[in-house]
Amino acid sequence: ALLRQAQVVFAVSRPLWEAKRAANPRTYLTPNGVDYDAFRAAVGGPAPAELAALPRPILGYAGAINEKLDLPLLKRLAQAYPQGSLALVGPQTLRYDRELLDDLRLPNVHFLGHKEAGALPAYVAAFDLCLMPYKCNEWTRHISPLKLYEYLACGKPVLSTDIPAAREFAHLLYLAADGAEFVALAARALAEDGPALAAQRQAEAAEHTWRSRVEAMSVHIQEALRLQA
């Protein structure tokens, strides 16, 4: 009912846009974006103290630790890199299956907790490989992960499960269909990384700033106001 009454509707992901536009023809796809300058500026800077002393490679995730995450997949990755570190930056909001979180408390897994927005770029910039280890379900089919753009703005290799939001950037990411491929692609991503690929990722992220999102939204809002007048 709200969608039908609204003058303008913005959907954060393509599956949401496809599902909701039937209720309102003025429904527009507007994914999340990134504070590109903040994340780009963190590259090459000092690593946060929590990460500086960790053995490398640092396999990092930045975001809420909740039911969207495939925790057994993260455990499998941590076990495949006992010489490295799995760094999880974000609040723990898991309500169910908390025993899976307990299973993940391995010697090389580091739960670093919530960080203020201003501190986050330095953490992402210190990762060697950035992770989007999501379950593939109806929830994740409809998301637009902020971290995708933040990871790319730092020029980092990104390893993701095969969710629609990641699939749209398949030319820049490493997409895994299952646990074995996730581990294999982690090794490939680390081996292939270099300045040229980092520049490609940052160039893509520069096209997805919050400013560009607001400008696009403003066009549709102004059009709705014109039609209303």
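Me: Two strands pair if DSSP finds at least two bridges between them. What makes strand 3 and strand 4 a pair in this predicted model?

Reply: Their bridge count. Strand 3 (residues 58–62) and strand 4 share five bridges, in the parallel sense. The cut-off is at least two, so they count as paired. One match is Ile 58, which stands opposite Ser 85 in strand 4.

Me: Why is the link from strand 3 to strand 4 called right-handed?

Reply: The chain leaves strand 3, passes through helix 5 (residues 71–80) and arrives at strand 4. The test looks along strands that point away from the viewer, and a clockwise path over the helix counts as right-handed. This β-α-β crossover is right-handed, so its path runs clockwise in that view.

Me: What makes strand 4 and strand 5 a pair?

Reply: Four bridges join strand 4 to strand 5 (residues 109–113), again in the parallel sense. At least two are needed, so this pair qualifies. Leu 86 stands opposite Val 109 in strand 5. Helix 6 (residues 98–103) completes a right-handed β-α-β unit with strand 4 and strand 5.

Me: How do you know that strand 4 is largely enclosed?

Reply: Count its buried residues. Buried means under 20% relative accessible area. In strand 4 (residues 85–89), five of the five residues are buried, so the rest of the structure largely encloses this strand. Ser 85, Ala 87 and Val 89 point one way, while Leu 86 and Leu 88 point the other way. Residues of both sets are buried.

Me: What makes strand 5 and strand 8 edge strands?

Reply: Look at the order. Six strands form an open sheet, 5-4-3-6-7-8, with parallel pairing. Strand 5 and strand 8 (174–176) have a single partner strand each, so one side of each lacks a neighbour in the sheet. From one strand to the next, the twist averages 25°.

Me: How do you know that strand 8 pairs with strand 7?

Reply: Strand 7 (residues 158–161) and strand 8 are joined by three bridges, in the parallel sense. The minimum is two, so the pair stands. Within it, Ser 160 is opposite Leu 175 in strand 8.

Me: What makes helix 5 a helix that packs on the sheet?

Reply: Its contacts. Helix 5 touches strand 3, strand 4, strand 5, strand 6 (129–132) and strand 7. Contact requires heavy atoms within 4.5 Å. The helix direction makes about 145° with that of strand 4.

Me: Why is Thr 27 called buried or exposed?

Reply: Its relative accessible area is 4%. The limit for buried is under 20%, so Thr 27 is buried. Thr 27 lies in strand 2 (residues 27–29). Leaving out residues up to four places away in sequence, Thr 27 touches Val 9, Ala 11, Trp 17, Lys 20 and Arg 21.

Me: Which class fits Leu 2, buried or exposed?

Reply: Leu 2 has a relative accessible area of 72%. Exposed means over 50%, so Leu 2 is exposed. Leu 2 belongs to helix 1 (residues 2–5). The C-alpha atoms of Leu 2 and Ala 23 are separated by 9.2 Å, with the two residues 21 apart along the chain.

Me: Why is Leu 225 called partly exposed?

Reply: The value is 44%. Partly exposed falls between the 20% and 50% limits, so the label fits Leu 225. Leu 225 is found in helix 13 (residues 210–228).

Me: What makes helix 9 stand out in the lining of the largest pocket?

Reply: Helix 9 gives the largest share of that lining, three residues. The pocket has a volume of about 410 Å³. Of its 24 lining residues, the closest to the centre are Ala 62, Gly 63, Ala 64, Leu 120 and Leu 146. Helix 3 (36–42), strand 3, helix 7 (120–126) and helix 9 (146–153) each supply at least two lining residues.

Me: How do you know that helix 9 is largely enclosed?

Reply: Seven of its eight residues are buried, so the rest of the structure largely encloses helix 9. Among them are Tyr 149, Tyr 151 and Leu 152. Just after helix 9, Gly 155 takes a positive phi of about 75°.

Me: Which residues line the largest cavity?

Reply: The lining includes Asn 66, Glu 67, Tyr 96, Asp 97 and Lys 135. A cavity is a space where a 1.4 Å probe fits but cannot get out. The volume of the largest cavity is about 50 Å³. The count is one cavity of 30 Å³ or more.

Key. Residues are numbered from 1 along each chain as its sequence is written. This is a predicted model: local features need pLDDT of at least 70, side-chain atom pairs count only at pLDDT 80 or more; totals for chains, interfaces and linings use all residues. Side-chain values use heavy atoms; hydrogens and water are left out. Buried means under 20% relative accessible area, exposed over 50%, partly exposed in between (1.4 Å probe, protein chains only). Axes are lines fitted to C-alpha atoms, for helices over the stretch in contact, and angles run from 0 to 180 degrees between N-to-C directions. On a 1 Å grid over the protein atoms alone, a cavity is a set of points where a 1.4 Å probe fits but cannot get out, and a pocket is an open set with protein on both sides within 12 Å along at least five of seven lines; lining residues have an atom within 4 Å of a point. Grid points are joined across faces, edges and corners, and a volume is the space filled by probe spheres set on the points.
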